[in-house]
Amino acid sequence: MQVFNVQGMSCGHCVKAITNALQAKDPAASVRVDLAAKEVGVESALTSDQVIEAISEEGYAVKLV
(Lines give C-alpha, C1' and ligand atoms only; values in the text may rest on other atoms or scores of the structure.)
Protein backbone atom coordinates (compact mmCIF):
# COMPACT_ATOMS: atom_id res chain seq x y z
CA MET A 1 0.00 0.00 0.00
CA GLN A 2 1.26 3.45 -0.95
CA VAL A 3 0.63 6.23 1.59
CA PHE A 4 0.25 9.87 0.60
CA ASN A 5 0.06 13.05 2.66
CA VAL A 6 -2.91 15.08 1.37
CA GLN A 7 -3.50 18.65 2.52
CA GLY A 8 -6.92 20.26 2.32
CA MET A 9 -9.13 17.28 3.19
CA SER A 10 -11.73 18.16 5.80
CA CYS A 11 -14.93 16.16 5.33
CA GLY A 12 -16.74 13.20 3.84
CA HIS A 13 -17.08 15.01 0.52
CA CYS A 14 -13.28 15.21 0.32
CA VAL A 15 -13.00 11.48 1.01
CA LYS A 16 -15.58 10.68 -1.69
CA ALA A 17 -13.96 13.01 -4.25
CA ILE A 18 -10.53 11.43 -3.77
CA THR A 19 -11.88 7.87 -3.73
CA ASN A 20 -13.93 8.44 -6.88
CA ALA A 21 -11.02 10.10 -8.69
CA LEU A 22 -8.75 7.14 -7.98
CA GLN A 23 -11.36 4.49 -8.75
CA ALA A 24 -12.13 6.24 -12.06
CA LYS A 25 -8.54 5.47 -13.10
CA ASP A 26 -8.41 2.02 -11.45
CA PRO A 27 -11.83 0.56 -10.56
CA ALA A 28 -10.15 -2.12 -8.43
CA ALA A 29 -8.25 0.42 -6.30
CA SER A 30 -8.58 0.16 -2.54
CA VAL A 31 -8.54 3.60 -0.93
CA ARG A 32 -8.23 4.31 2.82
CA VAL A 33 -8.55 7.91 3.95
CA ASP A 34 -7.54 9.15 7.41
CA LEU A 35 -8.79 12.74 7.69
CA ALA A 36 -7.18 13.34 11.10
CA ALA A 37 -3.73 12.25 9.90
CA LYS A 38 -4.23 13.84 6.45
CA GLU A 39 -3.23 10.55 4.86
CA VAL A 40 -4.57 8.51 1.98
CA GLY A 41 -3.54 4.87 1.60
CA VAL A 42 -3.91 3.42 -1.87
CA GLU A 43 -3.62 -0.18 -2.99
CA SER A 44 -3.74 -0.06 -6.76
CA ALA A 45 -2.09 -0.89 -10.06
CA LEU A 46 -1.56 2.86 -10.49
CA THR A 47 1.93 4.27 -10.06
CA SER A 48 2.55 6.80 -7.29
CA ASP A 49 2.78 9.53 -9.95
CA GLN A 50 -0.62 8.53 -11.34
CA VAL A 51 -2.14 8.62 -7.84
CA ILE A 52 -0.62 12.05 -7.17
CA GLU A 53 -1.95 13.34 -10.50
CA ALA A 54 -5.48 12.03 -9.81
CA ILE A 55 -5.60 13.59 -6.32
CA SER A 56 -4.03 16.85 -7.53
CA GLU A 57 -6.69 17.13 -10.24
CA GLU A 58 -9.27 17.24 -7.41
CA GLY A 59 -7.52 20.32 -6.02
CA TYR A 60 -5.50 18.83 -3.15
CA ALA A 61 -1.80 19.23 -2.36
CA VAL A 62 -0.39 15.70 -2.25
CA LYS A 63 2.98 14.01 -1.76
CA LEU A 64 4.20 10.48 -1.21
CA VAL A 65 5.02 9.73 2.44
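## Two cysteines that do not bond

Let's start with C14, whose sulfur has its closest cysteine sulfur in C11, 3.7 Å away and too far for a bond. This is a predicted model, and the cut-off for a disulfide is a pair of cysteine sulfur atoms within 2.5 Å. Because the distance from the sulfur of C11 to that of C14 is 3.7 Å, the pair does not pass as a disulfide. By this rule, the count of disulfides comes to zero.

Are these two cysteines buried or exposed? C14 is buried, with a relative accessible area of 5%. C11, at 32% relative accessibility, counts as partly exposed.

## The nonpolar core

Now for the inside of the model. The largest nonpolar core has 15 residues. Those with the most contacts inside this core are V6, M9, I18, L22, V51, I55 and Y60. Which elements give two or more residues to the core? They are strand 1 (2-7), helix 1 (12-25), strand 3 (39-43) and helix 2 (48-57). Helix 1 gives the most, with four residues. As a general background, nonpolar side chains in soluble globular proteins tend to be buried together.

L22 is a good residue to click on while you look at the core. Leaving aside residues up to four places away in sequence, L22 touches A29, V31, V42, L46, V51, A54 and I55. One of these partners, V51, is also among the residues with the most contacts inside the core, and so is I55.

## Strands 2 and 3

Next, follow the chain through a hairpin. Strand 2 (residues 30-34) pairs with strand 3 in the antiparallel sense, over five bridges. To see one of the pairings, find S30: its bridge partner in strand 3 is E43.

What lies between the two strands of this hairpin? There are four residues between them, and K38 takes a positive phi near 55° in the hairpin. A general point helps when you look at strands: in a regular strand, the side chains alternate between the two faces of the sheet.

## Two loop residues in contact

D26 has its place in the loop between helix 1 and strand 2. This residue is buried yet has no salt bridge. How far away is the nearest side chain of opposite charge? That side chain belongs to K25, and the distance is 11 Å. Not counting residues up to four places away in sequence, D26 touches S44, A45 and L46.

One of those partners, L46, sits in the loop between strand 3 and helix 2. L46 is buried, with a relative accessible area of 10%. With residues up to four places away in sequence again left out, L46 touches Q2, L22, K25, D26 and V51. Take K25 from that list: L46 and K25 are 21 residues apart in sequence, and their C-alpha atoms are 7.9 Å apart in space.

## The salt bridge

How many salt bridges does the structure hold? The structure holds one. The partners are E57 and K25, with their closest N and O atoms 3.9 Å apart. This pair links distant parts of the chain, since E57 is in helix 2 and K25 is in helix 1, 32 residues apart.

The accessibility of the two partners can be read side by side. E57 counts as exposed, at 52% relative accessibility. K25, at 41% relative accessibility, counts as partly exposed.

Definitions and conventions
Residues are numbered from 1 along each chain as its sequence is written. This is a predicted model: local features need pLDDT of at least 70, side-chain atom pairs count only at pLDDT 80 or more; totals for chains, interfaces and linings use all residues. Side-chain values use heavy atoms; hydrogens and water are left out. A nonpolar core is a set of buried Ala, Val, Leu, Ile, Met, Phe, Trp, Tyr and Cys residues joined through side-chain atoms within 4.5 Å. Buried means under 20% relative accessible area, exposed over 50%, partly exposed in between (1.4 Å probe, protein chains only). Contact means heavy atoms within 4.5 Å. Two strands pair if DSSP finds at least two bridges between them. Lys and Arg count as positive and Asp and Glu as negative; His and the chain ends are not counted. A salt bridge is a side-chain nitrogen of Lys or Arg within 4 Å of a carboxyl oxygen of Asp or Glu.
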